[in-house]
Amino acid sequence: MSQGIQDAETLPLNVSVVIPVYRGEETLPALIAEFVPLIAEQHTRTGRSFRISEVLLVWDRGPGRSDAVIRELASTYEWIKPIWLSRNFGQHAATLAGMTSSGGDWIVTLDEDGQHDPGFIPDLIDTAYAHGAQLVYGTPTNPPPHSAIRNLGSKTAKRLFTNVLADSKFAEFSSYRLVLGEIGRSVAAYTGNGVYLDVALSWVVADVTTCPVQARQEGRKAENYNYRRLFSHFGRLVISSGTKPLVFVSWLGIFFVLMGGLVSLYVLFKRFTGAVPVTGWASVFVALMVIGGAILLSLGIVAQYVGAATNMSLGKPLYVVVRDPADTFDPAVERSRDNK
């Protein structure tokens, strides 16, 4: 067992839980009650000790009495830490605000509606250490409790990101996450406005995996995210995913310049050998190829500058410094991964 962030003989892992709260008036009391037994030191299936050291409830200025419920819970449990946002910024911004204020060795994020069962946190921890993963997503083994259309749209968006838009191989994500504390706080510190949280994590996390979990029915009617907001989320995911679409424009410009040059040479050859009977057709065709290729190539060059500016505006870091992985994970896992 690691001797780094966890002293195997004496100290359990400290886990911070971040819950963005928008309309949690009905669901928060029951959800928080599930953390009560996890405050004391617990052990995972593999014997790794941990405890929930704090639960950060980030009030995102939603409607209803969520703020009053948070105050009541904070007065009842000393490990509840309220965080008050000045206005409604959205779930990802609220989650980042909570991660910034966390202090645990690991950070768990989950929804307020009770869909995510805290009882799977030990499994997430075991999965992280079994694979030497800095980030673990809880992947539901049953269909999420939403409509078939919404589930299909959500799955399609996630596949698009993990297989096309992400800079490197990435796992199918969800809002039930376990992330190494120092990485989570670093991401929260540099992520720019409007960036999808999982996109920002994909920039710096080297090892990510998933853990099967059972999704529960939400403790209330799922009405916070209508289709308009879901489409807005998808658009933000694509825009903030990086500059791959701009790179595509650049390669498109280069491709058409080369093709235009080759086709123009062929047309000119035909013109001078008398194979083009229509007067003026060859010159018009060559002009279109040259001008069109020049325009696309220029757009490709502009796209490179836009891409560089986009990376800076998104807050994509040049690097993130973390502790020696051998101080976090078991050395045997590190060696096994290095040998792959």
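The following questions and answers concern helix packing, salt bridges and burial in a predicted model.

Q: What is the orientation of α4 and α7 relative to each other?
A: Helix α4 spans residues 91–100 and helix α7 spans residues 181–190, and the two pack with their axes 8 Å apart. The angle between them is about 125°. Angles of 65 to 115 degrees count as roughly perpendicular and those over 145 as roughly antiparallel, the rest being oblique above that range. The two helices are therefore oblique to each other.

Q: In the contact of α4 with α7, how many residues are nonpolar, polar and charged?
A: Helix α4 passes α7 in a left-handed crossing. From α4, the residues L96, M99 and T100 take part, and they meet G184, R185, V187 and A188 of α7. Gly counts as polar and Arg as charged in this classification. The contact residues thus divide into 4 nonpolar, 2 polar and 1 charged.

Q: Which residue meets R216 in a salt bridge of 2.9 Å, N to O?
A: R216 lies in the loop between β8 (208–213) and α9 (227–240), and its partner lies in the loop between α1 (28–33) and α2 (36–39), 182 residues apart. R216 has a relative accessible area of 24% and is partly exposed. The partner, at 28% relative accessibility, also counts as partly exposed. The residue that meets R216 in this salt bridge is E34.

Q: How many residues apart in sequence are the parts tied together by D117 and R216?
A: D117 forms a salt bridge with R216, with the closest N and O atoms 3.6 Å apart. D117 is in the loop between β5 (106–109) and α5 (121–131), whereas R216 is in the loop between β8 and α9, so the pair ties together parts of the chain whose separation in sequence is 99 residues.  The value is therefore 99 residues.

Q: Is E54, the salt-bridge partner of K81, buried or exposed?
A: The closest N and O atoms of K81 and E54 are 2.7 Å apart. K81 belongs to strand β4 (residues 80–84) and E54 to strand β3 (residues 49–59), 27 residues apart. K81 has a relative accessible area of 39% and is partly exposed. For E54 the relative accessible area is 4%, which is under the 20% cut-off, so E54 is buried.

Q: How many salt bridges does the structure hold?
A: Salt bridges include the pair of R216 and E34 and the pair of K81 and E54. In addition, E25, R65 and E72 are linked in a network of salt bridges. The structure holds 8 salt bridges.

Q: How many of the residues of α8 are buried?
A: Helix α8 covers residues 197–204 and is mostly covered. Its buried residues are L197, D198, V199, A200, L201, S202 and W203. The count is 7 of its 8 residues.

Q: What distance separates the C-alpha atoms of V249 and I301?
A: V249 lies in helix α10 (residues 244–272) and, at 31% relative accessibility, counts as partly exposed. Leaving aside neighbours within four places in sequence, V249 is in contact with L299, G300 and A303. V249 and I301 are 52 residues apart along the chain, and their C-alpha atoms are separated by 9.0 Å.

Notes: Residues are numbered from 1 along each chain as its sequence is written. This is a predicted model: local features need pLDDT of at least 70, side-chain atom pairs count only at pLDDT 80 or more; totals for chains, interfaces and linings use all residues. Side-chain values use heavy atoms; hydrogens and water are left out. Axes are lines fitted to C-alpha atoms, for helices over the stretch in contact, and angles run from 0 to 180 degrees between N-to-C directions. Helices (H or I, at least four residues) and strands (E, at least two) are DSSP runs, numbered from the N terminus. Angles under 35 degrees count as roughly parallel, over 145 as roughly antiparallel, 65 to 115 as roughly perpendicular and the rest as oblique. A crossing is left-handed if the near helix is turned anticlockwise from the far one by less than a right angle, and right-handed if clockwise. Contact means heavy atoms within 4.5 Å. A salt bridge is a side-chain nitrogen of Lys or Arg within 4 Å of a carboxyl oxygen of Asp or Glu. Buried means under 20% relative accessible area, exposed over 50%, partly exposed in between (1.4 Å probe, protein chains only).
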